[in-house]
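Trainee: I have a new model open and don't know where to begin. Can you walk me through it?

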Amino acid sequence: MYGFTFADPRQQMAVALGEESTAVRMPIAPITAPIAARRTHSLNRQPRGKIRIPLSELRDLAIEMDERERQDPERRSSSWADRFERFDLMVSEAGKGLRKEEDVLELEDIKHLIGLPGSGKTTILVLIAIWLGLNDYKAMFVFPSIEVARQYMAELAFHQVKVGMLVGQSDETRRRHADNIAEAIATRGNGGFAYTLEQAEVFGMNCVLPAFSTADMSLWGFGYAPCNEILQGGGKQGKMKKCLCPLWTMCGRNKAPRDLLDANIWVGHVRSLDTQISPHAIQEQVRYFELIARTFDVVVFDEGDMVQSALDGYGAATLSISGSERSIHRVILEQIHNRFARGENYRLFDRDVELYSRDLSEFGNHNTSLITTLQNMSKSRVRERYENQLLTVLRIVSELLNRLKKSSQQDDINEQEVELGFSKSRALTEFWEAAAYNAFYDRTGVENPQDFKIDLWPRILGYNRETLEKQWKTLINHFRRYLAENLIKRRDAIVEEIAELFLKLCFPDHSPTIEAEDLAKLLITVTFVIVGYQRIVPGTRTMVAEGFIRETIGESTASPELRKFIPESILGSFSGVQYSFSKAQTTRTAARNVQLSYITFVGAPRMLMHRFHQLLDADDGHPSPAVLITSATSFLEASPAYHINTGPHYLLKPKPRQSEHKAEQSVYRFKWFPDSERGDEPLKYSGAGDLQKRNLLRMVNALVGRSKPEIYKSMDRFDVKSGIRRKAALVVNSYDQARTIKKYINDYHPEVGRHTKAIVKSLRDGEQPQDFITSAQCEALGDDENCDILIFPMLAINRGVNIVFTKGDRKLDAAIGSIYFLTRPHPTKDDMRLLYSLAGRATQEFDSRVFSETEDLNAIATSWQQSRKDLWRTANRLLREPLMASRLGPELFKSFTANQMVAILQTIGRGMRNGCPVSVYFVDAAWAKKSAEDKPDSGRDSMLVQMRIILEECVNHPDPVIREIYQELYGAFLAPLQRIEGVIYPDELANSQDFTDEEDGFNDFSTLLEM
């Protein structure tokens, strides 16, 4: 229970501004205006059980909604009744297939509803939400973004549903959402003056208290709100204590959480579920996901595949080690060492506390050494190259070995070379880690090191046993000297000796480069930051538990309350170090500060969605809400990030109509351009190294150059009806690329530029609305006759946002008809989402296993160990080098492609709304590099070939029900992919086998990767 009391508004109050020790108190005068009474959430309501929604009532509801919209002359008609009649609701029946459901849609336990983009998912979701609201059900609708949630909220509110927005309440979250809303309003014209957006008021930020004070409020920062920290005297002594603000029931800043008290339908983003409920609105200390699990009837996860992916990322915690206000280094200094220094040192009678204090001091020294190393790397590009990347010993050692190969050649290494390189990097990693641990935990050499692998390391590294073991013991001795030496010059000399020894093992036949030497120095300092941090973790947990450290030192994503409801990741506390730079506030223009972070896995949050219907089973079988998961691409077994492993139970199938275009009319082309300045070699972006930007602009020039641009010829030839030509989209990897291309077209092809818009996150100074728009404005482009070409990153347009014609002969048709993928989509080299998704899938698979009564605890433990071992191998492969498609191995490349495929199919689906055909061009030669050389491509070399392999596996699934669902979902994509122009398919499409290292002799787990 909360222990707060409300401040009495009729008495004098105060607010403390600034740090607690130096705070300035601002008086707040008594408030005589009438204030609404406090209302709270109740935990006594229980879910109502199975929900049966008659389809006839949804049809009647759609007619009522159309009539309501007709009565509002300013509202655009949504044609709900017409849209409802355009699809059938199909139900899957085991062993039988799909049948049309004529009567009811049932929600019980967990249900999975899928349908192609444009098949009516938005229509049925809106109708379900309104039906639930009007029938007094409590429902939470989770959307992929707050902007989409706002749009649904506006729609539901117009149709007289009591709806509220669940949104994060931290200052950072509030500011981000307010900025996005302000940006969307500002781009509507006149800089936003006299414009607004529906429901924008729920994103209010400012506090009203300064209006009730006559003091100088210049110190009161924008957005600051002491909702739980109003100071007021009380009791006999009149001592000031912290109270709740009495204006919470009235102020605009808290409109969103206050509206939830009355709302039947809640909308929001999945991360908002893990928000603490304000003590103003409830007596008990609970989070929103707990309240919803206990009292709601249904939870709907729209775009459930994206929700699952977002939750996977939520399972990685970031701890600031040093270089920020929230760093553990600062907390240690202020709450441990400063306390001892100013005389509060009675705790040092405890020798464990003394040891902990010394360990903390050494940990700080290792942080300083890493920062110093980074600051002094001026002769190579190492520090910039590895900024914001997860660094482990294996990763750095692998990078060392890769320095021998030019970056331009790394995309062409064959699988066997990759595997041989992996074996060597693993051997060198174990060699290094074992030496470091021996030195760190035995500084005086009392114990004889026993961890040398006499049969494995010499064989892999090509040395005789005696020589290599001598080198290993020498390395241990060097490490001990490094840890003991305090003089800078001597320590630097030891670092040089360590680097020289290790680099000779890495490159016995080559002299090391400056980059390799810098990497070796980075390896030393990163290693001991990791080991030093691991040593202080147990003591830190004890100090926090005893209250000796009062401040939270971890910036964990999933809250401790949420982690009680989800399993730990089967990957364990997998971890590594990351660093980043920021500009220093000094007259030295090139000076930069360094921030160190520690990243570790803390759980498998995807299980929140999959377990929500059972979340309170352990609480004496307390009933939980039904769950409905919806998406267009949430059923693709090859994708670890986006596949929803339940059902599907429902499928939305568009009804065939006379005017509907056949899917066979869609055309895919692999259309690469020759580089006339480089011997007509195929222009590629992915894998082009320093030529990427240059090649990208040459592709654009080939499309929009000449008096009659190629892109306009294609638009004029494809699906022109009633004299209405559809638009073209240039799809890129980033907002920066969209900006670059737009400015290039404006500068060199101004006539085309006048009819081209680029989607950006926000407009920069000098950028005009006729050139750049935000994703919130996309839907209006369908009727923008001045826009022929749209440039955007693949994920820039939110799901649920449809760019269609809204009037005329092509009403509801997809406005985009030609899609050009200028780049093969590829995450950044430091992207961790593939690893997150693999860890999430493996955890879910083990969590879902049902063990028989004959399997004892040992059998379960053995199964867990094997699952964990398999995942660690995968994780090691991913982390040993940058994320590069060509170096993943066949099985990982399949998972990688399947994850990327979801966004690709969603993008293509934008051109298929209302059953329209789409013309798709894959322009980057990297899509099928062998075909560009007039040779057959394979599923290992080409993402396009791999996409076809995956989809053909789907439509040939052994289960007849799943096979039929796959055909309905992906048949319209597979058919044009099978006959794609320009790709030379091999005679056999099957994937090549992955190399395996089942019994390779290496350690299954690394102590430097696990807490």
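Mentor: We can go over the sheet and then one residue in it. This is a predicted model, so local features need pLDDT of at least 70, side-chain atom pairs count only at pLDDT 80 or more, and totals for chains, interfaces and linings use all residues. Residues are numbered from 1 along each chain as its sequence is written, and side-chain values use heavy atoms, with hydrogens and water left out.

Trainee: What order do the strands of the open sheet come in?

Mentor: The order is S5-S4-S18-S7-S17-S13-S8-S12-S9, nine strands with mixed pairing. Strands are DSSP runs of E, at least two residues, and helices are runs of H or I, at least four, numbered from the N terminus. Two strands pair if DSSP finds at least two bridges between them.

Trainee: Which strands stand at the edges?

Mentor: S5 (97-100) and S9 (163-166) do; each has a single partner strand, so one side of each is left without a neighbour in the sheet.

Trainee: How many bridges join S8 to S13?

Mentor: Four, and the two strands run parallel. One of the pairs puts Val 142 opposite Phe 301 in S13.

Trainee: New topic. Is Ser 631 buried or exposed?

Mentor: Ser 631 sits in strand S17. Its relative accessibility is 0%, so Ser 631 counts as buried; buried means under 20% relative accessible area, exposed over 50%, partly exposed in between (1.4 Å probe, protein chains only).

Trainee: What does Ser 631 touch?

Mentor: Among its contacts (heavy atoms within 4.5 Å) are Leu 113, Lys 121 and Arg 799, not counting residues up to four places away in sequence.
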